[in-house]
Amino acid sequence: MSKVVISDCNEYNLELLTRKLNSGIALLGGWEKYVSPGMKVLLKVNLIGPKAPETAAITHPEFVRALVRILKGLGCAVWIGDSSGGAIAGIAPTARSLKVSGLEQVAREEGAEIKNFDREGVVEVIPKSGLGGKMYIAKPLFDADFVINLPKFKTHSAGIYTGAVKNLFGCIPGLRKAEYHRLAPDPRDMGEVLTDIHQAVKVGLHIMDGVTAMQGEGPTAGTVYPAGKLLMSTDPLALDTVAVAMLGLGIEDIPILVSAWTRNLGESDLKEIELVGDFTSPPQLKGFKLPKRLKLIKPRNYKLVVKVIDFLKARPRVNLKVCKHCNMCVESCPVQAIDRETKVVNYSLCIECMCCHELCEHKAVELRRDNRILDFFGRFRRRT
Ligand code: SF4
Ligand code: SF4
């Protein structure tokens, strides 16, 4: 049986975070069960892009600071690492993300070492799913003696939810991530990629920052929801199962988790998960806004409904009134579907991975249903 700790934690207060983290890990056997003096411990944060902590798009730096202090107090060397999504001028924005997020400052002040996964070399692994041939994963994940995954509690406009399982996507350095979006545009296939990464990288603990969560059209364009929770487990799928249950959902509602479930990455049956800490059943996050897409993917078993759903699914469109012409979306699109000058999306190329929506720092990529409908009637008119 897997165990998940849920702790109440309503603010990024260092003393409170430290107390909650220590009491939570004590329920999983205590820090000494996992780390010992002299170990190199890697904190794999969520650094999706150059986002400030108050946006709830990234793992909060004070949460990371609390963990660095705990681990250094235990005699460990601490590394903080990730690779951001997207690209500008052919370069992933990880270095800028580390600055904007405040994580670089935390590392400097607390004596931790930054590991920008784009610059640390890779280790070649053979993915068990066979998707995409060889897989290249950032080297620090193999150099560290112990890896702790620190996901953020967020919605995802394409995948509905992103948590412990999804957070390891940042283990793929830089622009290689776009290649996986091209290979696996369907969230279920992306779930295979994520499961491959989890099977290659040995993560010892998963600790979710849900003090503030992102609701609505995450993982970057949603709004902040004060969830006030920390979740901890050695089992990423069990942690995600509990987190989605807090949203009133099941694993079957989250396409990117289906592979983790079918490939036995962890426990996905709530009855087989022991909940400890401040709750013995998943606390419901009242009024939490889910992505619009959820309503559309739920009845996926009926072919006709699926066709209607495909027709009604929102597609990305750049709002030129908001666009700053940074070209992050253009360079991040895995199939080059966005015109560099006009920012018009070529829907015959677009694979609807939603990377452009996810990565635009200015919320200029909107998800619209009307453009699909107009396109359909435009084509119909041209034929008649
Ligand atoms: S839509 Fe966003 S990412 Fe794309 S060019 Fe405009 S501001 Fe940059
Ligand atoms: S236009 Fe946007 S949604 Fe379409 S393939 Fe490119 S990045 Fe993905």
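**Asparagine 264**

I started with asparagine 264 and asked whether it is buried or exposed. I found 10 C-beta neighbours inside 10 Å, and 12 or fewer means exposed, so asparagine 264 counts as exposed. I should jot down that this is a predicted model.

Next I looked up where asparagine 264 lies. It is in the loop that runs between helix 9 (255-262) and strand 13 (273-277). I also checked it against valine 224, which is 40 residues away along the chain. Their C-alpha atoms are separated by 32 Å.

**The cores**

Then I went looking for the nonpolar residues. I read that nonpolar side chains tend to be buried together in soluble globular proteins. Here the largest nonpolar core has 86 residues. Val41, Leu43, Val64 and Leu231 have the most contacts inside that core.

I picked valine 64 for a closer look. Skipping its neighbours within four places in sequence, I listed its contacts as Leu43, Val45, Thr59, Ile80, Leu103, Val106 and Leu150. Apart from the core with valine 64 lies another one, of 17 residues, and Cys333, Cys353, Cys356 and Ala364 are among them.

**The two ligands**

Which residues are closest to ligand 1? I got Cys323, Cys326, Met328, Cys329 and Cys360, out of 13 residues that surround ligand 1. I sorted that shell into eight nonpolar, three polar and two charged residues.

I did the ligand 2 lookup too. Ligand 2 is surrounded by 13 residues, and the closest are Cys333, Cys350, Cys353, Cys355 and Cys356. For the ligand 2 shell I noted twelve nonpolar residues, one charged and no polar.

Conventions:
Residues are numbered from 1 along each chain as its sequence is written. Chains are lettered from A and ligands numbered from 1 in the order in which they are written. This is a predicted model: local features need pLDDT of at least 70, side-chain atom pairs count only at pLDDT 80 or more; totals for chains, interfaces and linings use all residues. A residue is near a molecule or strand if its C-beta atom, placed from the backbone, lies within 6 Å of it. Ala, Val, Leu, Ile, Met, Phe, Trp, Tyr, Cys and Pro count as nonpolar, Asp, Glu, Lys and Arg as charged, and the others, Gly among them, as polar. Helices (H or I, at least four residues) and strands (E, at least two) are DSSP runs, numbered from the N terminus. A residue is buried if 20 or more other C-beta atoms lie within 10 Å of its own, exposed if 12 or fewer, and partly exposed in between; C-beta atoms are placed from the backbone. A nonpolar core is a set of buried Ala, Val, Leu, Ile, Met, Phe, Trp, Tyr and Cys residues joined through C-beta atoms within 7 Å. Two residues are in contact if their C-beta atoms, placed from the backbone, lie within 7 Å.
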